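Reader: I am new to this structure. Please take me through the sheet, one piece at a time, and then show me what packs around it.

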Amino acid sequence: MIQEDEFYMQVAIDLAKQASDKGEVPVGAIVVKDGEIIGRGSNAPIGLHDPSAHAEILALRNAAMTIGNYRLVGCSLYVTLEPCAMCSGAIQHARIAHLVYGASDTKTGACGSVVNLMDEEKLNHHTTVKGGVLAVEAATLLSDFFKQRRLNKTP
């Protein structure tokens, strides 16, 4: 399972790099069902002029279109950064079974870093969560991206 998680996370990291190349915060996500990637997404809120265009949301939408159902029962979501509250809600509404993320997000992470919506007893769906898969690679993409933005900022 560890090698499988790393394989799929590497695909998500490649999508995050594509987002970075477009000037978007480098986050990538994929949805996997029965060993097949059925959904892909990379951050695009700037390019799409859409505050909801996070990598997770786009991957969930793509997967739902692929299978023709908004319920993604039995699927796993791999994302390079711990999901925010919006994305965590969408993950639960889609009935994702397993979430695997790379880097933790100490500012907006909703899977344990700031809040933990996945363990909220009052909610009717609970996704299993595993964090830290290829975390260094995912975090490095983010820190390099923001470092470059600071360097390019003119006074």
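**The sheet and its surroundings**

Author: Start at one bridge: Lys33 has Glu36 as its bridge partner in β2. This is a predicted model. The two strands involved, β1 and β2, make a hairpin. Two residues lie between them. One residue in the turn, Asp34, has a positive phi of about 50 degrees. Beyond the turn, β1 and β2 pair in the antiparallel sense. Their pairing counts six bridges.

Now look at the other neighbour of β1. Strand β1 covers residues 28-33, and strand β3 covers residues 76-81. These two also pair in the antiparallel sense, over four bridges. Take Val32 as an example: its bridge partner in β3 is Ser76.

Next, step back to the whole sheet. Five strands build it, and the sheet is open. The order reads β2-β1-β3-β4-β5. The pairing is mixed. The edges belong to β2 (36-42) and β5 (128-130). Each edge strand has a single partner, so one side of each is left without a neighbour in the sheet. From one strand to the next, the twist averages 20 degrees. In a regular strand, side chains alternate between the two faces of the sheet.

Then come the helices. Helix α3 (residues 55-67) lies across β1, β2 and β3. Its direction makes about 140 degrees with β2. Helix α5 (residues 135-152) lies across β3 and β4 (98-103). Relative to β4, α5 runs at about 60 degrees.

Helix α3 also meets a helix. Its partner is α4, residues 85-93. The two axes come within 9 Å and cross at roughly 20 degrees. Angles under 35 degrees count as roughly parallel. Therefore α3 and α4 are roughly parallel to each other. Their crossing is left-handed. On the α3 side, the contact uses Glu56, Ile57 and Leu60. On the α4 side, Met86, Cys87, Ala90 and Ile91 meet them. By class, this contact has six nonpolar residues, no polar residues and one charged residue.

Finish with the rings. The model has three aromatic pairs. One of them joins Tyr8 and Tyr78. The pair is tilted, with 45 degrees between the planes. Centre to centre, the rings are 5.2 Å apart. The pair links distant parts of the chain. Tyr8 sits in helix α1 (residues 2-21), while Tyr78 belongs to strand β3. They are 70 residues apart. That brings us back to β3, the strand that pairs with β1.

Methods: Residues are numbered from 1 along each chain as its sequence is written. This is a predicted model: local features need pLDDT of at least 70, side-chain atom pairs count only at pLDDT 80 or more; totals for chains, interfaces and linings use all residues. Side-chain values use heavy atoms; hydrogens and water are left out. Two strands pair if DSSP finds at least two bridges between them. Axes are lines fitted to C-alpha atoms, for helices over the stretch in contact, and angles run from 0 to 180 degrees between N-to-C directions. Contact means heavy atoms within 4.5 Å. Angles under 35 degrees count as roughly parallel, over 145 as roughly antiparallel, 65 to 115 as roughly perpendicular and the rest as oblique. A crossing is left-handed if the near helix is turned anticlockwise from the far one by less than a right angle, and right-handed if clockwise. Ala, Val, Leu, Ile, Met, Phe, Trp, Tyr, Cys and Pro count as nonpolar, Asp, Glu, Lys and Arg as charged, and the others, Gly among them, as polar. Rings of Phe, Tyr and Trp (its six-membered ring) pair if their centres lie within 6.5 Å; planes under 30 degrees apart count as stacked, over 60 as edge-to-face and the rest as tilted.
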